[in-house]
Amino acid sequence: MLAMDQGVVEEWLSEFKTLPDSAVSNYASSLKDKGALVPALYKVIRENYSDLLEPVCHQLFEFYRSGEPKLRRFTLQFLPELLWSLLSVSAARDPHTSGCIEALLLGIYNLEIVDKDGQSKVLSFTVPSLSKPSVYHEPSAIGSIALTEGALANHGLSRVVYSGPHLQRETFTAQNRFEVLTFLLLCYNAALSYMTSTSLQSLCQLSSRVCICGYPRQQMRRYKGISTRMTVTSEFLVQLITGIHYSLCNGEVDLGSKALDDVLYRAQLELFPEALLVGNAIKSSLHGAALKSNNKEGARSIQVEITPTSSRISRNAVTSLSIRGHRWKRNESQEVSVDSEASLGGVAIPEISVTGVSGERMPNGDSMRSRPDGRAQLDCDTLGSPSEVSLDPRGHDPSTRGQEVRRQKSVRRMVENEGSGSTSTGRSQY
């Protein structure tokens, strides 16, 4: 440890001892301006044989016991590094060098499990119902939920999970070690939004080291620390995954991704269903998402995908409105067809070539002469009397349309018969 870092730590240790109670709040706010203090404290914690380790742990405990929120969060930011120091020393079977760290962690634990009156606290957690929307899910995206009697009975009811009361601990043993450490990580995760990027990096490194030490993946990660396997529990890994999830969404993409893979690797080896469920769920939710890799000093958040809450009705859905609309369209089409027939005079125009040019010959030898009143006169030499075909739809009365159609058809048949008869007569004479 450099002499400059040692001087910064010694100055920090001395100034808090002479500080009056009225100035604690201002002092807590000024700690963030001391940029060289936090890196120097990390170096002290990592050196297990440092002479400053014991006074530093004592000072951090005094910060936490003061009750000032900023001083408590200042102590919590070193929790991942303190946990790794304790676990690494325990794995190396040298517990004499971690006495002050054990005392600090046990002190924080015993303070957190009781309230201000010294009574044991019982923590409660509300499990969200899948039938009600939350920031993590939308009921419409899950699918239809069967309305069974049990589902209706549980609708609107909130399931509450309780944790505690917890027993006070005076020393670490093999049985209670991870129970205490898991609870401490729970307290750390409750203040994740206040943690610095250095603290989040330390959490990711703690997760990877605990999970891969002594396993083949340690060589792949090229970690040359201790090679002794560390015992972990499923609850401990779940708390690690919670912190890793937050780190992934707030700037620590590379370290967070490696830490999540390492935790899932260890959970698969240990067959921990809770850790596998939470870890794979987070990994699936972050798959393909654009993580904010540069958001280290901005607003802290967790990235989730929210389904739009707007009502979505299929265009092919059969509703009363669509049925009425279909009827309206059918009635409109019928009205259009009736209007088109009325515009044509309600009759079908016979297939007679009419150009409106005076004296134009017809295919059967007849002629069509135009008249000033807008009608065309059909000359039939064999009939002896002309027949008229009206081109003006207003020239007919609707009451006589049927008679006019029959008359035109009979005229056309007679013209065709006469034309065919004259042709055959000419051939026979020839």
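The following exercises, each with a worked solution, examine a predicted model of a protein chain.

Local features rest on residues with pLDDT of at least 70 and side-chain atom pairs on pLDDT 80 or more, whereas totals for chains, interfaces and linings use all residues. Residues are numbered from 1 along each chain as its sequence is written, and side-chain values use heavy atoms, with hydrogens and water left out.

**Exercise 1. The chain as a whole**

Task: State how many helices and strands the protein chain has, and what share of its residues is buried.

Solution. Step one: the protein chain has 17 helices and 6 strands. Helices (H or I, at least four residues) and strands (E, at least two) are DSSP runs, numbered from the N terminus. Step two: of the 430 residues in the chain, 35% are buried. Buried stands for under 20% relative accessible area, exposed for over 50%, and partly exposed for values in between (1.4 Å probe, protein chains only). Step three: among contacts with a separation of 6 or more, 67% join residues 24 or more positions apart. A contact requires heavy atoms within 4.5 Å.

**Exercise 2. Helix α6 and its two partners**

Task: Describe how α6 packs with α11 and with α10.

Solution. Two packed helices are described by the angle between their axes and the distance between the axes. The axes are lines fitted to C-alpha atoms, for helices over the stretch in contact, and angles run from 0 to 180 degrees between N-to-C directions.

Step one: helix α6 (residues 79-91) and helix α11 (residues 197-212) have axes that come within 8 Å and cross at roughly 25°. α6 is therefore roughly parallel to α11. On this scale, angles under 35 degrees count as roughly parallel, over 145 as roughly antiparallel, 65 to 115 as roughly perpendicular and the rest as oblique. The crossing of α6 and α11 is left-handed; that is, the near helix is turned anticlockwise from the far one by less than a right angle, while clockwise would be right-handed.

Step two: α6 contributes P80, E81, L83, W84 and L87, which meet S199, S202, L203, L206, R209 and V210 of α11. This contact of α6 with α11 comprises 7 nonpolar, 2 polar and 2 charged residues. Ala, Val, Leu, Ile, Met, Phe, Trp, Tyr, Cys and Pro count as nonpolar, Asp, Glu, Lys and Arg as charged, and the others, Gly among them, as polar.

Step three: the axes of α6 and helix α10 (residues 177-190) lie 11 Å apart at an angle of about 165°. The two helices, α6 and α10, are therefore roughly antiparallel, and α6 passes α10 in a left-handed crossing.

Step four: from α6, L79, P80, L83, L86, L87 and S90 meet R177, F178, L181, L184, L185 and Y188 in α10. The contact of α6 with α10 divides into 10 nonpolar, 1 polar and 1 charged.

**Exercise 3. The α13 and α14 pair, and the core**

Task: Determine the orientation of α13 and α14, and place L237 in its surroundings.

Solution. Step one: the axes of helix α13 (residues 234-248) and α14 come within 9 Å and cross at roughly 160°. α13 and α14 are therefore roughly antiparallel, with a left-handed crossing.

Step two: L237, I241, I244 and L248 of α13 meet V253, G256, S257, A259, L260, V263 and A267 of α14. By class, the contact of α13 with α14 holds 9 nonpolar, 2 polar and no charged residues.

Step three: leaving out residues up to four places away in sequence, L237 touches C211, V232, V263, A267, F272 and A275. L237 is also named with W12, F74, F78, L105, L181 and F236 as touching the most other members of the largest nonpolar core, which has 82 residues. Such a core is a set of buried Ala, Val, Leu, Ile, Met, Phe, Trp, Tyr and Cys residues joined through side-chain atoms within 4.5 Å.

**Exercise 4. Three individual residues**

Task: Decide whether L76, D5 and L271 are buried or exposed.

Solution. Step one: L76 lies in helix α5 (residues 69-76) and is buried, because its relative accessible area is 7%. Its C-alpha atom is separated by 8.2 Å from that of A191, 115 residues apart along the chain.

Step two: D5 belongs to helix α1 (residues 3-17) and is buried, with a relative accessible area of 7%. Beyond its neighbours within four places in sequence, D5 contacts A40 and K43.

Step three: L271 is in the loop between α14 (253-270) and α15 (273-285). L271 counts as exposed because its relative accessibility is 68%. Its phi is near 60°, a positive value in a residue other than glycine.
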